[in-house]
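Thank you all for coming. Please have the sequence and the structure open in front of you, and I will walk through the helix, the strands and a few single residues in turn.

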Amino acid sequence: MLRSLDQLDFIRLPLYALRRWWLQRRYGVVTHPSTRISLQARIVSGGPGSIVVGQHSVIAFKTLLLARDGAGRVRPIRIGARCLIGGGATILPGVTIGDGCVIGAGAVVYDDIPAGCIAVGSPAHIVRRGIETERFGRLKGIDGNEGQDPHAASGA
């Protein structure tokens, strides 16, 4: 019996690695090996280095990262470490999202978001500041497992 989706990591993690490799080769997206980008996320790059995603960040399904503006100019996107970009969110050209941010599902981010913030809505606005996140944008202390590796408990 399947107790946790973590037991499927042997399938999921190689897919993430292949996705990162393809995005780097085809679009010039710069990611850390720990970054996870959904297979359903759309990337509109402006060339090598126009989109940079920090370590331990997650880009969820149906997210759009758009590094070209309406005039065709390249305006780089920077996403910090330990960020979570929710499903269906849109990150517009020239946006920088600081370390440890959570962007809500369906948010449209047109302006920079400072580190340690939660932003939601269309257009995105900051609803909380001063948050601390762990790997993959999980809020620190939310489940009482701060600092613990979730794979250590399952024996993986």
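Let me begin with a term: a residue is called buried when its relative accessible area is under 20%, exposed when that area is over 50%, and partly exposed in between, with a 1.4 Å probe and protein chains only. Thr133, for instance, is buried, because its relative accessible area is 7%.

Before going further, I should say that this is a predicted model, in which local features need pLDDT of at least 70 and side-chain atom pairs count only at pLDDT 80 or more, while totals for chains, interfaces and linings use all residues. Residues are numbered from 1 along each chain as its sequence is written, and side-chain values use heavy atoms, with hydrogens and water left out.

Now the overall picture. The protein has two helices and 14 strands, where helices (H or I, at least four residues) and strands (E, at least two) are DSSP runs numbered from the N terminus. Of its 156 residues, 40% count as buried. The accessible surface comes to about 8700 Å², and 56% of that belongs to carbon and sulfur atoms; these areas come from the Shrake-Rupley method with a 1.4 Å probe, and for residues only the protein chains shown count as cover.

Turning to helix α1, which runs over residues 9-27, we find 19 residues and a reach of 26 Å from the first C-alpha to the last, close to the 27 Å expected at 1.5 Å a residue, the expected span being 1.5 Å times one less than the number of residues. Which residues of α1 are buried? They are Asp9, Tyr16, Arg19, Arg20 and Leu23, and they lie on the same side of α1 because they cover an arc of only 100 degrees around the axis, taken from the directions from the helix axis to the C-beta atoms. On the other side of α1, Phe10, Leu18, Arg25 and Arg26 are exposed. After the helix comes Gly28, with a positive phi near 75 degrees.

One of those buried helix residues leads us to Leu39, which is found in the loop between β2 (36-37) and β3. Not counting residues up to four places away in sequence, Leu39 touches Leu15 and Arg19, a contact meaning heavy atoms within 4.5 Å. Leu39 nevertheless counts as exposed, at 53% relative accessibility.

Next, the strands. Strands of a sheet pair through backbone hydrogen bonds, either parallel or antiparallel, and here two strands are said to pair if DSSP finds at least two bridges between them. One open sheet has four strands in the order β3-β6-β9-β12, with parallel pairing, and its edge strands are β3 (42-44) and β12 (108-109), each pairing on one side only. Inside that order, β6 (residues 64-66) and β9 (residues 90-91) pair in the parallel sense over two bridges, and Leu64 has Thr90 in β9 as its bridge partner.

Just ahead of this strand we meet Thr63, whose place is in the loop between β5 (58-59) and β6. Is Thr63 buried or exposed? It is buried, since its relative accessible area is 1%. A polar atom of the Thr63 side chain lies 2.8 Å from the backbone oxygen of Ala60, which falls under the definition of a polar contact, namely a pair of N or O atoms within 3.5 Å, where within protein one must be able to donate a hydrogen and the other to accept it, and residues adjacent in sequence count only if both atoms are side-chain atoms. Beyond its neighbours within four places in sequence, Thr63 is in contact with several residues, including Ala41, Arg42 and Ile85.

Further along, β13 (residues 117-120) and β14 (residues 125-129) pair in the antiparallel sense over four bridges. They form a hairpin with four residues between them, and Gly121 in the turn has a positive phi of about 100 degrees. Ile118 has Arg128 in β14 as its bridge partner, and Cys117 stands opposite Arg129. β13 also pairs with β11 (residues 102-103), this time in the parallel sense over two bridges, with Ala119 as the bridge partner of Ile103.

Finally, back to Thr133, in the loop between β14 and α2 (150-154). Its side chain reaches the backbone oxygen of Arg82 at 3.0 Å, and among its contacts, leaving aside neighbours within four places in sequence, are Gly100, Val102 and Leu139.
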